[in-house]
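Me: I'm new to this one and would like a close look at a single part. Could you take me through one pair of helices that pack together, and whatever goes with it?

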Amino acid sequence: MATFLYKLGRLSFRRRRYVALLWVLLLGGIGYASSAAPAPPADSFSMPGTDSQKAFDLLDERFPAASAGGATARVVIRAPEGEKITDPAAKAEVDQLVAALGKGAQVAGVADPYKANAVSKDGTTAYASVTYKVISTELTDKTHDALTDATDKTRAEGFTVETGGDAVQAEQEMGGSAELIGIAVSAVVLVITFGSLIAAGLPLLTAIIGVGIGVSGIAALGSVLNLSGTTSTLAMMIGLAVGIDYALFIVSRYRAEIAEGREPEEAAGRATGTAGSAVVFAGLTVIVALAGLSVVNIPMLTKMGLAAAATVAIAVLIALTMIPALLGFAGKRALRRKDRKNLKSRADGKDSKDRGLTKPGATHSTTAAEKTKPNLGTRWARLVLRRPVTVLLIGVLGLGAVAVPATSLELGLPDEGTSAPDTTQRKAYDLLSESFGAGFNGPLMVTVDTGGTKDAAAAAKTVGTSLAKVDGVAAVTPASVNPAGDTAIITVVPTTGPSDHRTEELVKTIRSEASGLEADTESDVLVTGQTAMTIDFSQTLDDALLPYLGLVVGLAFLLLMLVFRSVLVPLKAALGFLLSVAAALGAVVAVFQWGWLADVVGVDQPGPIMSMMPIFMIGVVFGLAMDYEVFLVTRMREAYVHGARPAEAVVTGFKHGGRVVGAAAVIMISVFSGFIMENDDMIKMMGFGLAIAVFFDAFVVRMAIVPAVLALLGKSAWWLPRWLDKLLPNMDVEGEKLHKSLTPASSPAAEDEREDRDNDEDRELEPVRG
């Protein structure tokens, strides 16, 4: 692996113009294809095999005129104070509103509240249901304006008019600037880390190109593969973060190779061969975690995972090819000006020594002085090695305490009841709850299918009479029968709201009684509706959680065994991930469900955590956690393979990788945090969850718990049974074979390098041994 990537890096360095041109042309071509492609479709919560999906598909087939898949709007009208909505004057105003709502070009129909029994018992409030011929993303501005104009006109007459439903245009606060915030913060971190604008610009440039290709590809294929706009947002979020990180590690290794006196082309090859190997396996763990979402069998989640995985794959390819190419243009200018001067001074000193012009011992004393100044990573590693048990206990107990709120996790999907209090959707939701009962915001649709016979009306009447007696049912509307007479719809209104656990119990009760009703009426009885689909969605995710964990952790465990040639290191990595993800879920529950720091984060209405949040966070965070594990521990493994003792290897890993891993984590946190400002509840929650998970995993697990565990394990950390060692292919991630091929064991350079490394490690570990 390392040898192949070394050759690839050198080839990209030499053919830098062709490599850079190829990626730019690819970006331009896919960008043009995306601009000519149709708009992406709306998010679809289809769940093959569930009762609610079967019923929904049945309605779409048997009631085509009802536009079951089209957008809907529910206009709630309340009469002025002291008046009734049934008064003649008020009724005339509502009739005008209904007529105005039905004039839209994309409107399929409007239900008159007086004919549909949609007037509250106290006579103050009514609602009109509007259905459209197309889905919400295909509604035109003219259609949105017609809806707004009709409601504004009635509101001007003194009525309270609010509108809910997916046909209502949501207000966008961010306008797509979340990624710009992440890029800006990342730029600052990179400049501070590298001290060079050129070196800082390389990861940003390649990450933007990679994300551009990935997101443009999603847009170009959106209408063909049914990829929604949310898919692009999540792919951008993850692709931008890993794209910067992968390039950061290769550029950092290149600078280290240059600092050791190697020529730029050789440095680029070695950086790609060593750090590039870590990038490949880190990328593979992320891809496995994201692609593994397919096992959940929810098309939307599968597409989100595969699209994000494809973007990560592009980020890996760009890091391995375009970064070495751009380093060919940058050369030694990727170093800080001070480092370039020091490098030139050392080169001049060497030349002078070769000519006999340097005083004996001058160069050695300068180098030793420089080497006795340990960096922050070295000092931190020494601290952990002195007190490994204390650090381990503090880290584990601290994350455990943060994870406590996760025990109160409540899952659901966001509805209008969780919208901001000042939005028209939330106001419409509250008006319906007050006037008709909480269940009116989440009615259940029960379908009765007689299988081709035309007695659906009689069967539906029997089913409706039986369901009206079930505890928790507030009302059952008369059945609507399709023209063929073989299918009927019954609307069941619960006494509780859509997010109430009692509503979930009611759905289970109705389904349990359906078998008896099916026998009595010789028909199929299914329950659907938004509330039922939400319940099925959550159940599907719950059922898939353990198989998904087993698949992802199992595959990643095998990958990490290939990387580290160890059993305990992958096991420690997996357990550390479980700690960080549990703590992250605890933080999400505390903020989004309990409302802690809600104003700071911008949570308008605390409520249940989105059903897909745990499984999606597990997939993404596992991949990202393994990134840091691979980047940090690979450098330790490299030192250990080259002869360092276990404690020395830990210090070496932090000396060379600690600062870079810390910078990479800050960059990821900044990218994800930018999405907290989005107006979309799902994106906001994802951004917060991923940002806090990266913080916990990078700075607590990888920076504290990992070195403490490795210190306690000693040589046992790198133990691998002989039979397994022979069975597993040697991927040479740490570059041992590459190192031997480039530096023959008998050469003076190899002897000098080993002697210098041993001297360095002896000085660094002296306090630890003491």
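**Where H1 meets H10**

Reply: H1 and H10 cross in a right-handed way (the near helix is turned clockwise from the far one by less than a right angle). Bear in mind that this is a predicted model, where local features need pLDDT of at least 70, side-chain atom pairs count only at pLDDT 80 or more, and totals for chains, interfaces and linings use all residues. Residues are numbered from 1 along each chain as its sequence is written, and side-chain values use heavy atoms, leaving out hydrogens and water.

H1 covers residues 2-14 and H10 covers 299-330; they pack at about 45°, with axes 7 Å apart. That makes the pair oblique, so neither under 35 degrees, over 145, nor 65 to 115. From H1, Leu5, Leu8, Gly9, Ser12 and Phe13 make the contact (heavy atoms within 4.5 Å). They meet Leu320, Thr321, Pro324, Ala325, Leu327 and Gly328 of H10. By class, this contact has 7 nonpolar, 4 polar and no charged residues, with Gly counted as polar.

H10 also helps to line the second largest cavity, together with H7 (197-225). A cavity is a set of points on a 1 Å grid where a 1.4 Å probe fits but cannot get out, and lining residues have an atom within 4 Å of a point. Its volume is about 30 Å³. Around this second largest cavity sit Thr206, Ala207, Gly210, Val211, Gly243, Ala315, Ile318 and Ala319. H7 gives the largest share of that lining, 4 residues. The lining divides into 5 nonpolar, 3 polar and no charged residues.

Methods: Axes fitted to C-alpha atoms, helices over the stretch in contact; angles between N-to-C directions. Helix = DSSP H or I, 4+ residues; strand = E, 2+ residues; numbered from the N terminus. 1 Å grid on protein atoms, 1.4 Å probe; cavity = no way out; pocket = protein on both sides within 12 Å on 5 of 7 lines; lining within 4 Å. Points joined across faces, edges and corners; volume = space filled by probe spheres on them.
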